[in-house]
Amino acid sequence: KRLYSVYDYPMGLYIKGELPAEDRATAAVIGARNCTAYGRETADYMGRELAAAGVQVISGMALGIDGAGHEGALAGGGKTYAVLGCGVDQCYPRSNYELYESIPFHGGLISEYSLKTPPVPRNFPVRNRIISGLSDVILVIEAKEKSGTLITVDFALEQGKNVYAIPGNIDSKNAIGTNELIKQGAKLVTKPEEILEDFI
């Protein structure tokens, strides 16, 4: 039902595992693929704390922030869901194979693309509308000035979702996007409680 608010919502979904529960709080944890060590640690921490508090964590299983958010959610004993830009029978990137194997037992792999669909570049910006559509809120941890992360934010704003951002160093390319989001009105977040309080 969450996806009915998405423009051009998918006609169907392929699932390996399960779909997020409709009646539970859900947060997307997204950000740069080429993240810093600080960004990875922050994503892991936020994913872990949100999951431990019962929040479902959604991301795209990409390198960097996405993968770290999933790993944190699993470590927190919660549910996590990966929206893929390929078929659910395809692991991309291959370096996240352990996540690919673990997530279906603690959430689900989700795709609008049929089995055997390869991870071609054009699929990833499109799938971002599903990441935001399934989520109540969006947390951005590191984003460059122009990135796929900001495409997800645009979808989220169209869907009326709250956007949160972790501030970054002013001399970091990976913080240009997040700091700009804060200037434009995204809620600055420094601890998970600031997100959790909005679910109460």
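## A tour of two pockets and a helix pair

Start with the largest pocket of this predicted model: 20 residues line it, and those nearest its centre are Gly31, Arg33, Ser147, Gly148 and Thr149. Select these five and centre your view on them. The volume of the largest pocket is about 330 Å³.

Next, colour β2 (26-31), α4 (123-134) and α5 (148-158), since each of these elements supplies at least two residues of the lining of the largest pocket. Which element gives the most to that lining? It is α4, with five residues. Colouring the lining of the largest pocket by residue type will show you nine nonpolar, seven polar and four charged residues.

Now keep α4 and α5 on screen and hide the rest. How do these two helices pack? Their axes are 8 Å apart, at an angle of about 50 degrees, which makes α4 oblique to α5. The crossing of α4 past α5 is right-handed. To see the contact, show side chains for Pro125, Asn128, Arg129, Ile131 and Ser132 in α4, which meet Gly148, Ile151, Thr152, Phe155 and Ala156 in α5. By type, the residues of this contact are five nonpolar, four polar and one charged. Gly148 is worth a second look: this α5 residue takes part in the contact with α4, and Gly148 is also among the residues nearest the centre of the largest pocket.

For the last stop, bring everything back and select Lys1, Arg2, Leu3, Tyr4, Leu13, Leu19, Pro20, Ala21, Glu22 and Leu134, which line the second largest pocket. The space in the second largest pocket is about 170 Å³. What types of residue make up its lining? Seven are nonpolar and three are charged, with no polar ones.

Technical notes
Residues are numbered from 1 along each chain as its sequence is written. This is a predicted model: local features need pLDDT of at least 70, side-chain atom pairs count only at pLDDT 80 or more; totals for chains, interfaces and linings use all residues. Side-chain values use heavy atoms; hydrogens and water are left out. On a 1 Å grid over the protein atoms alone, a cavity is a set of points where a 1.4 Å probe fits but cannot get out, and a pocket is an open set with protein on both sides within 12 Å along at least five of seven lines; lining residues have an atom within 4 Å of a point. Grid points are joined across faces, edges and corners, and a volume is the space filled by probe spheres set on the points. Helices (H or I, at least four residues) and strands (E, at least two) are DSSP runs, numbered from the N terminus. Ala, Val, Leu, Ile, Met, Phe, Trp, Tyr, Cys and Pro count as nonpolar, Asp, Glu, Lys and Arg as charged, and the others, Gly among them, as polar. Axes are lines fitted to C-alpha atoms, for helices over the stretch in contact, and angles run from 0 to 180 degrees between N-to-C directions. Angles under 35 degrees count as roughly parallel, over 145 as roughly antiparallel, 65 to 115 as roughly perpendicular and the rest as oblique. A crossing is left-handed if the near helix is turned anticlockwise from the far one by less than a right angle, and right-handed if clockwise. Contact means heavy atoms within 4.5 Å.
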